[in-house]
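Me: Please take a close look at the ligand site in this structure and the space that surrounds it. I would like one connected account rather than a list.

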Amino acid sequence: MGYGMRRKEAIDRLEESGHLEREEWVRLLADYDETDRLYAAEKARAIADRHFGNRIYIRGLIEFTSYCRNDCYYCGLRRSNKKAARFRLTEETILACCETGYKLGFRTFVLQGGEDAGFSDERLCALIGGIRERWPDCALTLSVGEREADAYRRFYEAGADRYLLRHETADTVHYGKLHPPAMSLENRIACLDTLKAIGYQTGCGFMVGSPGQTPETLAADMMLIERLHPHMVGIGPFLPHKDTPFGGECAGSDTLTLFLLSLVRIMEKNVLLPATTALGTIRPDGREAGILAGANVVMPNLSPAGVREKYALYDHKKCTGAEAAEGIAGLRERMKRLGYEIVSGRGDWKECQ
Ligand code: 5AD
């Protein structure tokens with residue numbers, strides 16, 4: 001069998017069994033071509049169509065604090081970045097964001113922030129409760145990093161439904177190249193297991209093209225996803241931020257990002273898979289390309305316009321037009337051109353029928 005046939009055969013088998021061996025992952029990711037990528041995209045799209053039809057779910061992303069105790073080498077919000085603009089939204093402002101989002105048709109709010117001690121467990125619980133009370137028909141997603149299991153439990157009881165915590169890389173050595181010694185992959189994965197056990201719809205994910213990433217580390221990412229079987233997976237290209245240790249590194253590849261989106265869709269058929277902001281930043285048609293590769297979620301920015309620039313994970317992060325909640329009409333139009341429809345509704349994860 002030729003190499004090309006063997007890669008197609010691996011993609012077919014991934015669809016049938018939801019599994020590839022480590023060596024097969026490495027081979028596929030080390031040596032794929034445009035034909036393989038388009039083959040996977042076509043399959044991924046067919047699977048997404050089977051599970052979601054032409055429906056695209058939207059989430060309103062509220063970036064509510066840019067303070068972070070961590071010092072991840074890739075992130076513009078890292079503690080050591082003295083040039084980072086820091087802000088914290090008040091409860092009042094966050095609720096106003098939800099109000100605006102609700103009127104625009106959002107039924108999922110994502111509270112995302114750095115690991116900020118200024119938002120204690122108690123304070124977050126009160127905020128979650130407040131949102132839950134005012135918008136009982138909405139889903140609430142948290143993305144506030146690593147906390148104690150007890151805090152995760154209290155947030156859940158207060159009314160949070162989902163939790164996003166990208167694992168960033170599932171390879172221990174690679175994890176150590178992206179993070180200072182205070183952080184560990186072990187703890188990251190323990191958090192993900194805890195979140196899932198509590199009952200959250202849980203999301204992991206990683207950057208594509210982060211410094212030191214290889215086909216082997218990507219194989220580990222795919223295998224972790226198979227093992228964790230998450231409800232959501234966030235994948236976007238690494239983009240350098242000038243005031244970080246990785247400021248001089250190259251951005252990740254958009255096409256490899258798209259290939260990985262497709263492979264995740266093929267493996268985890270009904271997973272909620274966003275076409276991420278980073279993908280929309282690296283190329284103007286990123287959101288569209290993501291959808292055509294098998295993604296089924298978009299997460300426009302619902303933060304107050306004045307703070308969006310300050311939430312700078314990487315340089316040139318997009319936060320206007322179709323990336324912005326108020327640009328939802330434009331996004332709807334762009335999706336329509338591809339034959340997809342943005343729907344209002346919580347868009348929860350559903351068991352395979
Ligand atoms: N490039 C791309 N993505 C980044 N993130 C953080 N920094 C960068 C960067 N420089 C991603 C991480 C994190 C999410 C909130 O943003 O994966 O989990």
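Reply: What follows deals with the ligand, then with the space it takes, and finally with the other spaces found.

The model is a predicted one, and the values below are computed from it. Around the ligand stand Tyr74, Cys75, Gln112, Arg166, Glu168, Met207, Pro237, Phe238, Leu239, Leu313 and Tyr314. Sorted by class, this shell holds eight nonpolar residues, one polar residue and two charged ones. Polar atoms approach the ligand from side chains as well as from the backbone: a polar side-chain atom of Glu168 lies 2.5 Å from a ligand oxygen atom, a polar side-chain atom of Arg166 lies 2.9 Å from an oxygen atom of the ligand, and Leu239 places a backbone N or O atom 2.6 Å from a ligand nitrogen atom. Taken alone, the ligand exposes 400 Å², and the protein buries 88% of that area.

The space taken by the ligand is the largest cavity, which holds about 960 Å³. Its lining is made up of 45 residues, of which Gln112, Ser143, Arg166, Glu168 and Leu313 lie nearest the centre. The elements that each give two or more residues to this lining are the strands β2 (60-65), β3 (108-113), β4 (139-143), β5 (162-164), β6 (201-208) and β7 (232-237), together with the helix α11 (277-282). The largest share, four residues, comes from β7. By class, the lining of the largest cavity comprises 26 nonpolar, ten polar and nine charged residues.

A search of the whole structure finds two cavities of 30 Å³ or more, and the second largest has a volume of about 40 Å³. Ala48, Asp49, Phe52, Gly53, Arg55, Ile56, Ala295, Asn296 and Tyr340 line this second cavity, with α3 (34-52) and β1 (55-58) as the elements that give two or more residues. Of these, α3 gives the most, with three residues, and the lining as a whole divides into five nonpolar, two polar and two charged residues.

There are also open spaces to consider, and the largest pocket has a volume of about 270 Å³. This pocket is lined by 18 residues, with Arg69, Glu115, Glu146, Ala182 and Asn187 lying nearest its centre. Two helices, α6 (149-158) and α8 (185-198), are the elements that give two or more residues to the pocket lining, and α8 gives the most, with four. The lining of the largest pocket consists of seven nonpolar, four polar and seven charged residues.

Methods. Residues numbered from 1 in each chain as written. Predicted model: local features only at pLDDT ≥ 70, side-chain atom pairs only at ≥ 80, totals over all residues. Heavy atoms only, no water. 1 Å grid on protein atoms, 1.4 Å probe; cavity = no way out; pocket = protein on both sides within 12 Å on 5 of 7 lines; lining within 4 Å. Points joined across faces, edges and corners; volume = space filled by probe spheres on them. Nonpolar A, V, L, I, M, F, W, Y, C, P; charged D, E, K, R; others polar. Near = heavy atom within 4 Å. Polar contact = N/O pair within 3.5 Å; in protein donor to acceptor, adjacent residues only side chain to side chain. Areas by Shrake-Rupley, 256 points an atom, 1.4 Å probe, with all protein chains shown as cover. Sits in = over half its atoms within 2 Å of the grid points.
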